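The exercises below ask you to read a protein model step by step. Try each task with the sequence and the structure before you turn to its solution.

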Amino acid sequence: MLQQAIALIIILFFVFRLFILKKRAGVSANEFIFWLVFWFIAGLGVIFVKDLDRLAAALGFSASGIQIILYAAVAVLFYMNFRLRLKIEKMDKDMTKVVREIALKEKDVKSEAQNPKSEINSKF
């Protein structure tokens, strides 16, 4: 009972922090909904942990309900890490593309500044 109360207090703290982040525009609407649903489900898991034990036993798992929640949480964390890695990879490619375009534009500007006649001659 004490463990459930502590877990619920921690979950409420994270929900409170989530609302503060939303108010400061620190998270997007999709992220806000995702994390709100996540913490809601976590709270339900904490409240109904005995029912999760029975569900886990009925489904044939040898672990208790809380262990299944931990396994699911680890799986979700691995998935989120994978998505984060993909996003960082895409940002890295985009940044390389932008830097390359800026470098080519600077090179064109410098070459025009050094040879202004060549451009005039090429027009006539």
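**Exercise 1.** Does Leu44 count as buried, partly exposed or exposed, and in which helix is the place of Leu44?

*Solution.* Keep in mind that this is a predicted model. Begin with the location: Leu44 belongs to helix H2, which covers residues 29-47. Next, take the relative accessibility of Leu44, which is 34%. Buried means under 20% and exposed means over 50%, so Leu44, at 34%, counts as partly exposed. Then look at what surrounds this position on the surface: Leu44 helps to make a nonpolar patch of about 670 Å², together with Ile33, Val37, Phe40, Ile41, Ile47 and Phe48. Of these partners, Ile33 is also found in helix H2. Finally, compare sequence with space: Leu44 and Leu8 are 36 residues apart in sequence, while their C-alpha atoms are 9.4 Å apart.

**Exercise 2.** Describe the secondary structure of the protein chain, and then decide whether the chain is as compact as the globule rule would give.

*Solution.* First count the elements: there are five helices and zero strands, and from the N terminus on they run α-α-α-α-α. The radius of gyration is 27 Å, well over the 14 Å that the globule rule gives for 124 residues, so the chain is more spread out than a compact globule. The box filled by the C-alpha atoms can be set beside this result, as it comes to roughly 85 × 35 × 20 Å along the principal axes. As a last step, turn to burial, where 10% of the 124 residues count as buried.

**Exercise 3.** Which kind of aromatic pair do Phe14 and Trp39 form, and which kind do Phe19 and Phe32 form?

*Solution.* A search of the whole structure finds seven aromatic pairs. For Phe14 and Trp39, the ring centres are 4.9 Å apart and the planes stand at 10°, so the pair is stacked. Phe14 lies in helix H1 (residues 2-23) and Trp39 in helix H2, so this pair ties together parts that are 25 residues apart in sequence. The two residues can also be sorted by accessibility: Phe14, at 35%, counts as partly exposed, whereas Trp39, at 18%, counts as buried.

For Phe19 and Phe32, the distance from centre to centre is 5.1 Å and the angle between the planes is 75°, which makes the pair edge-to-face. This pair also links distant parts of the chain, with Phe19 in helix H1 and Phe32 in helix H2, 13 residues apart. Phe19 is partly exposed at 44%, while Phe32 is buried at 12%.

**Exercise 4.** How many salt bridges are counted, and how are the partners placed in their helices?

*Solution.* Start from the principle that side chains of opposite charge can pair when their charged atoms come close. The count comes to two salt bridges. One is formed by Arg54 and Asp51, whose closest N and O atoms are 2.9 Å apart. Both residues lie in helix H3 (residues 49-58), three residues apart, which is about one turn of the helix. Arg54 is exposed at 56%, and Asp51 is partly exposed at 37%.

Asp94 and Lys90 form a salt bridge with their closest N and O atoms 3.1 Å apart. Because they are four residues apart in helix H4 (residues 65-114), about one helical turn separates them. Here Asp94 is partly exposed at 38%, and Lys90 is exposed at 52%.

How values were computed: Residues are numbered from 1 along each chain as its sequence is written. This is a predicted model: local features need pLDDT of at least 70, side-chain atom pairs count only at pLDDT 80 or more; totals for chains, interfaces and linings use all residues. Side-chain values use heavy atoms; hydrogens and water are left out. Helices (H or I, at least four residues) and strands (E, at least two) are DSSP runs, numbered from the N terminus. Buried means under 20% relative accessible area, exposed over 50%, partly exposed in between (1.4 Å probe, protein chains only). Patches are made of residues with over 30% relative accessible area and no salt bridge: like charges are joined within 9 Å, nonpolar side chains (Val, Leu, Ile, Met, Phe, Trp, Tyr) within 5 Å. Accessible areas come from the Shrake-Rupley method with a 1.4 Å probe; for residues, only the protein chains shown count as cover. A salt bridge is a side-chain nitrogen of Lys or Arg within 4 Å of a carboxyl oxygen of Asp or Glu. The radius of gyration is taken over C-alpha atoms; the globule rule is 2.2 Å times the number of residues to the power 0.38. Rings of Phe, Tyr and Trp (its six-membered ring) pair if their centres lie within 6.5 Å; planes under 30 degrees apart count as stacked, over 60 as edge-to-face and the rest as tilted.
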